[in-house]
Protein chains: 2
Amino acid sequence: MRKFEDSIPLQLLKAREATMSFFRPILQEISLTEQQWRVIQALNEYTELESKQLAERCCILSPSLTGIINRLEQQGLIQRRKSPDDQRRVLLSLTDEAKQMFEDVSPRLDARYKAMAEQISEEKLELLNELLGELCKLKP
Amino acid sequence: MRKFEDSIPLQLLKAREATMSFFRPILQEISLTEQQWRVIQALNEYTELESKQLAERCCILSPSLTGIINRLEQQGLIQRRKSPDDQRRVLLSLTDEAKQMFEDVSPRLDARYKAMAEQISEEKLELLNELLGELCKLKP
DNA sequence: GGGTAATCCTTAAGATGTTATCTGTTGTAT
DNA sequence: ATACAACAGATAACATCTTAAGGATTACCC
């Protein structure tokens, strides 16, 4: 039997840690957590999203997202408004300040991503992407 | 530029979630968290480990491990004793009850692992294992 | 139209992640 | 032997994860 340290779930965890180490220093400089940055990225791409959609895209459960949004709103990075069509829904978007911050920081993170991609080669990264996609389709 | 939803770190997170869904139901039955089970697995393999070694093998930071150990000790699953050679170190091992529990549950989890492995095929799993190993070697 | 189930978001409670700091112990150089 | 750096755990403070349950709004059915 495979040693537990080589089990796929743990390997995935380690690999994630390894890749995140490329970006963590930059995020620390601007005092944003990994999750907060994911939220900002998503809102930068989609302009305005409902809380539920945002949670799904960022892979963050809604109870966590509630707190994250609260903190980002308090920092003046996110705006929330109720949907006029459906009072249950909350619509979220970036403030101008956040958009500016994204433009400033994004290139540096992209550069780190490239550095990482080049270290393992684009082919392997593509292959990895493929395999991870398949893992996500598995049904228990 | 790649959409952030397809970035490698997020893909790794999603894939990990997908694989864990094979095991989560069983762990929930016995009221153990994923991390607690990892600790038990490690101690089952190595009999006795120092806190630091355990943390490294389980990919758990020591402050988290302190809490996990406390809870497992309280549940009568783990024993701790101070190293006679070095009073700073703490040696950890499973209780008989925990060993028994491991023997009982382990086969069921192994079966789920096999089910997962077969769904994507052994070859792809091996390839994935290879690629994840390379990711871990990257240096920022 | 009124009762009811479903939906979205939030809150609650406990466990873990993350960084910084503290305490006690050991190693080392003077 | 003493002072000081290095090390192993533990604690603290805050953020997030995870599951369950609550409050408000909407959809559906009779």
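**Close-up 1. Helices H3(B) and H5(B) pack at an angle of about 80°, their axes 10 Å apart.** This is a predicted model, in which local features need pLDDT of at least 70 and side-chain atom pairs count only at pLDDT 80 or more, while totals for chains, interfaces and linings use all residues. Residues are numbered from 1 along each chain as its sequence is written, chains are lettered from A and ligands numbered from 1 in the order in which they are written, and side-chain values use heavy atoms, with hydrogens and water left out. Helices (H or I, at least four residues) and strands (E, at least two) are DSSP runs, numbered from the N terminus. Axes are lines fitted to C-alpha atoms, for helices over the stretch in contact, and angles run from 0 to 180 degrees between N-to-C directions. H3(B) and H5(B) are therefore roughly perpendicular to each other (under 35 degrees counts as roughly parallel, over 145 as roughly antiparallel, 65 to 115 as roughly perpendicular and the rest as oblique). On the H3(B) side, Gln35(B), Gln36(B), Val39(B) and Ile40(B) make the contact (heavy atoms within 4.5 Å), and they meet Leu65(B), Ile68(B), Ile69(B), Arg71(B) and Leu72(B) of H5(B). By class, this contact holds 6 nonpolar, 2 polar and 1 charged residues; Ala, Val, Leu, Ile, Met, Phe, Trp, Tyr, Cys and Pro count as nonpolar, Asp, Glu, Lys and Arg as charged, and the others, Gly among them, as polar.

**Close-up 2. Helix H1 (residues 8-20) of chain A packs on helix H1 (residues 8-20) of chain B.** Here the angle is about 165° and the axes are 9 Å apart, which makes H1(A) roughly antiparallel to H1(B). Their crossing is left-handed, meaning that the near helix is turned anticlockwise from the far one by less than a right angle (clockwise would be right-handed). Residues of H1(A) in the contact include Ile8(A), Leu12(A), Arg16(A) and Met20(A), and those of H1(B) include Ile8(B), Leu12(B), Arg16(B) and Met20(B). The contact of H1(A) with H1(B) is made up of 14 nonpolar, 2 polar and 2 charged residues.

**Close-up 3. DNA strand C has 24 residues around it.** A residue is near a strand if one of its heavy atoms lies within 4 Å of it. Lys52(A), Arg80(A), Arg88(A), Thr33(B) and Arg71(B) come nearest, and sugar and phosphate make up 77% of the strand C atoms that come within 4 Å of the protein. Look for phosphate oxygens of strand C at 2.4 Å from a polar side-chain atom of Arg71(B), at 2.8 Å from one of Thr33(B) and at 3.0 Å from a side-chain N or O atom of Ser64(B). H5(B) gives the largest share of this surface, 4 residues.

**Close-up 4. DNA strand D is surrounded by 22 residues.** The closest are Thr33(A), Gln35(A), Arg71(A), Gln87(A) and Lys52(B); of the strand D atoms within 4 Å of the protein, sugar and phosphate account for 79%. Thr33(A) has a side-chain N or O atom 2.8 Å from a phosphate oxygen, while Gln35(A) places one 2.9 Å from a sugar or linking oxygen. A base oxygen of strand D lies 2.9 Å from a polar side-chain atom of Arg88(B). H5(A) gives the most to the surface near strand D, with 4 residues, and the residues of that surface divide into 5 nonpolar, 8 polar and 9 charged.

Terms used
A polar contact is a pair of N or O atoms within 3.5 Å; within protein, one must be able to donate a hydrogen and the other to accept it, and residues adjacent in sequence count only if both atoms are side-chain atoms.
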